[in-house]
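Q: I am new to this structure and would like to learn how to read it. Could we go through it together, one feature at a time?

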Amino acid sequence: MKQLIDPFGRKIEYLRISVTDRCDLRCSYCMSEDVEFLPRQDILSFEEILRLAKSFAQLGVSKIRLTGGEPLMRKKLPELIAGIKAIGGIEEVLMTTNGTLLTQYAKPLFEAGLTRLNISLDTLKADRFHKLTRRDRLQAVLEGIAEAKKYAFEGIKLNAVVMKGMNDDEIIALTDFAITNEIDITFIEEMPLGEVGYDRSVTFLSSAEIRSVIEQKYTLLDSTYKTGGPAVYAGLADEKTKIGFISPHSNNFCSSCNRVRITAVGRLLLCLGNENSQDLRTFMRAGCDDKKLTDKLIDALRLKPEKHDFDLAEEVQILRFMSHTGG
Ligand code: SAM
Ligand code: SF4
């Protein structure tokens, strides 16, 4: 079987697909209030996404994460998930969501075969949630988490981006919430993706600082737990919850990178922190056959850089917003 191996010997087994750039929230670190969404015809259709998923599976990809924007903005998402799950070689289909629509969708997602669910939650305070996301939807997210817990997903994990002066006083409260709910939580360092109207070097908090706050209350145990993503995990004595740290700045995880991304408009992105890409949508819409498509994917791997280079002291280097790329 042909495989996707980059010039640095890394094997690609994990694909993240942004299924839309649209979202019902406007998180201040992710997009501006007056964001303009892309025309619908520019976004990949479900047929195009399934075709790409199949080509990647033929090249050894076994794990696909759907993200966005907010993936649940695509109303028939469970159908897409069932379609991807049915592709030979695909073992896991995961999704990252803001959780606002989970009361409605948790059941159909589970029935469609979704393996794991990441739910973003940066605060437990309603007024702060409103300020951070520019929408008053905390209660919907909390109810969505409760609903998702009713189904036997292989894992539910919270994702929290921590920013100094914005939500860093809730690190313990978020950890406690994860423990009470017996789910995992990952704390993420903010990444400089897109111009968002404030100086990210002021709000930046490193994973080491986040960890030391948690250690004021809990003893963190070394853990070898891995989910195939960039997070490094710690365990807690007597608790089921694992605590993850994603450190794009302070702990460059590029040497073990096993993933590539497809943006909502079908651009294959070889690295989150780099603009190298291939336009797969135009290629598919021009009528390429399946062999040409897999050859194109294999060839694109030469564009994967050895590592990303985020520097907070520089002007914004990556003009893409996370919502276009998929987190
Ligand atoms: N809308 C979904 C959600 O919020 O979970 C999925 C897409 S969102 C872009 C994926 C993840 O990226 C979220 O956990 C979000 O907090 C994170 N994110 C967005 N912008 C970020 C940034 N500049 N730095 C770090 N994480 C970011
Ligand atoms: Fe929407 Fe997710 Fe971006 Fe927040 S982080 S604005 S929920 S895409």
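A: Gladly! This is a predicted model, and a good place to start is a polar contact, a pair of N or O atoms within 3.5 Å. Here a backbone N or O atom of methionine 191 lies 2.7 Å from a nitrogen atom of ligand 1.

Q: How much of the accessible area of ligand 1 does the protein cover?

A: Taken on its own, ligand 1 has 540 Å² of accessible area, and the protein covers 95% of that.

Q: Which side chains have a polar atom by an oxygen atom of ligand 1?

A: Two examples will help. For serine 120, a polar side-chain atom is 2.5 Å from an oxygen atom of ligand 1; for tyrosine 29, the distance from such an atom to a ligand oxygen is 2.9 Å.

Q: How many residues surround ligand 1, and of which classes are they?

A: There are 18 around ligand 1, with Tyr29, Gly69, Thr97, Ser120 and Met191 the closest. By class, five are nonpolar, nine polar and four charged. Strand 3 (92-97) and strand 5 (155-162) each contribute at least two residues to this shell.

Q: What surrounds ligand 2?

A: Its shell consists of Cys23, Leu25, Cys27, Cys30, Met31, Gly69 and Asn98. Five of the shell residues of ligand 2 are nonpolar, two are polar and none is charged.

Q: And which residues touch the most other members of the largest nonpolar core?

A: Leu66, Leu109 and Phe187 do, in a core of 89 residues. Helix 1 (residues 46-58) gives this core its largest share, six residues. Beyond its neighbours within four places in sequence, phenylalanine 187 is in contact with residues including Ala160, Ile171, Ile210 and Phe245.

Conventions:
Residues numbered from 1 in each chain as written. Chains lettered and ligands numbered in written order. Predicted model: local features only at pLDDT ≥ 70, side-chain atom pairs only at ≥ 80, totals over all residues. Heavy atoms only, no water. Core = buried A, V, L, I, M, F, W, Y, C linked by side-chain atoms within 4.5 Å. Buried < 20%, exposed > 50% of the residue type's maximum accessible area, 1.4 Å probe, protein only. Helix = DSSP H or I, 4+ residues; strand = E, 2+ residues; numbered from the N terminus. Contact = heavy atoms within 4.5 Å. Near = heavy atom within 4 Å. Nonpolar A, V, L, I, M, F, W, Y, C, P; charged D, E, K, R; others polar. Polar contact = N/O pair within 3.5 Å; in protein donor to acceptor, adjacent residues only side chain to side chain. Areas by Shrake-Rupley, 256 points an atom, 1.4 Å probe, with all protein chains shown as cover.
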